[in-house]
Amino acid sequence: MATTLDPPRNCKLCPRLVAYRLSSRHDNPDWHNAPVPSFGPVTAKLLIVGLAPGLKGANRTGRPFTGDYAGDLLYSTLIKFGFARGVFDARPDDGLTLIDAQITNAVRCVPPENKPTPAEIRTCRPYLEKTIDSLKGLHAIVALGRIAHDAVIKSFGETLSAHPFAHGATHELDGPMLFDSYHCSRYNTNTGVLTNAMFEAVFASVRAYIDRNA
Ligand code: URA
């Protein structure tokens with residue numbers, strides 16, 4: 001189990017990610033270039049789990065999904081369903097606040113080509129477990145994509161065969177309900193794998209679930 005909610009800035013657990021971070025720090029010394037901490041209050045009823053920071057997005061700005069294309073759809077959807085307030089301006093100081101929601105990533109450091117290895121996902125999982133444990137009022141989790149889904153399922157000690165990933169599926173866990181969505185990446189939205197309507201339908205279900213149960 002990790003002893004802190006967020007990895008330290010100089011986390012050395014994944015050599016490949018450390019090297020990538022250091023090379024990015026060399027090229028762009030004014031960027032965040034460190035593990036990206038979760039964003040949102042500890043009173044969150046909803047936890048959104050992404051994949052990993054994007055190089056020029058969260059790795060640059062230090063806030064999950066901030067500066068990434070994926071964040072435009074995520075934050076506008078959160079505002080629409082009452083999980084965020086303010087104006088999302090892709091900067092950590094844009095004043096946007098999350099309401100009853102927290103955002104984290106399955107892997108906290110930017111991976112080359114957005115692809116963490118199975119070992120990196122496993123190594124970072126204790127931080128996800130610790131984050132989940134810290135949210136005492138948690139009712140729902142949204143997993144953005146299969147990697148996030150698998151990390152959440154394993155965090156609860158469940159098996160992937162009992163809980164296969166599928167967009168729109170729900171999984172009853174020990175405590176919260178897990179809602180699966182395709183990741184809101186540029187690739188998925190450009191190819192039509194994920195439409196705005198499909199994404200909003202997931203958050204409409206989450207909103208209704210939380211309002212019924214919270
Ligand atoms: N930015 C993040 O922080 N996480 C993702 O999964 C994608 C973009």
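The paragraphs below lead through the nonpolar cores, one strand and its partners, and a cavity in this predicted model.

A good place to begin is the interior, where the largest nonpolar core has 30 residues, and where Leu 46, Leu 74, Leu 78 and Phe 203 are those with the most contacts inside it. Several elements build this core, since at least two of its residues come from each of strand E1 (46–50), helix H3 (69–80), strand E4 (101–105), strand E5 (140–144), strand E7 (177–181) and helix H7 (196–213). The largest share, six residues, is supplied by H7. To see how such a core is joined, the reader can follow Leu 78, which, if its neighbours within four places in sequence are left aside, is in contact with Ile 48, Phe 83, Ala 84, Leu 98, Ile 103 and Phe 203. Apart from this core lies another one, which has 16 residues, among them Ile 132, Leu 138, Ile 141 and Leu 178.

Leu 178 leads us to strand E7. Is this strand mostly covered or uncovered? E7 is mostly covered, for five of its five residues are buried. Here a general point about strands helps: in a regular strand, side chains alternate between the two faces of the sheet. In E7, Met 177, Phe 179 and Ser 181 point one way, while Leu 178 and Asp 180 point the other way, and all of these residues are buried.

What does E7 pair with? With E5 it pairs in the parallel sense over five bridges, and within this pairing Ile 141 has Leu 178 as its bridge partner in E7. With strand E6 (residues 170–172), E7 pairs in the antiparallel sense over three bridges, and there the bridge partner of His 171 is again Leu 178. E6 and E7 form a hairpin with four residues between the strands, in which Gly 175 takes a positive phi near 125°.

The last stop is a space that the protein atoms leave empty. How many cavities of 30 Å³ or more does a search of the whole structure find? The search finds one, and the volume of the largest cavity is about 100 Å³. Its lining consists of 14 residues, of which Cys 11, Leu 13, Cys 14, Cys 109 and Cys 124 lie nearest the centre of the cavity. Helix H1 (15–27) and helix H4 (118–134) each contribute at least two residues to this lining, which, when sorted by class, has ten nonpolar, one polar and three charged residues.

How values were computed: Residues numbered from 1 in each chain as written. Predicted model: local features only at pLDDT ≥ 70, side-chain atom pairs only at ≥ 80, totals over all residues. Heavy atoms only, no water. Core = buried A, V, L, I, M, F, W, Y, C linked by side-chain atoms within 4.5 Å. Buried < 20%, exposed > 50% of the residue type's maximum accessible area, 1.4 Å probe, protein only. Contact = heavy atoms within 4.5 Å. 1 Å grid on protein atoms, 1.4 Å probe; cavity = no way out; pocket = protein on both sides within 12 Å on 5 of 7 lines; lining within 4 Å. Points joined across faces, edges and corners; volume = space filled by probe spheres on them. Nonpolar A, V, L, I, M, F, W, Y, C, P; charged D, E, K, R; others polar. Pairing = 2+ DSSP bridges.
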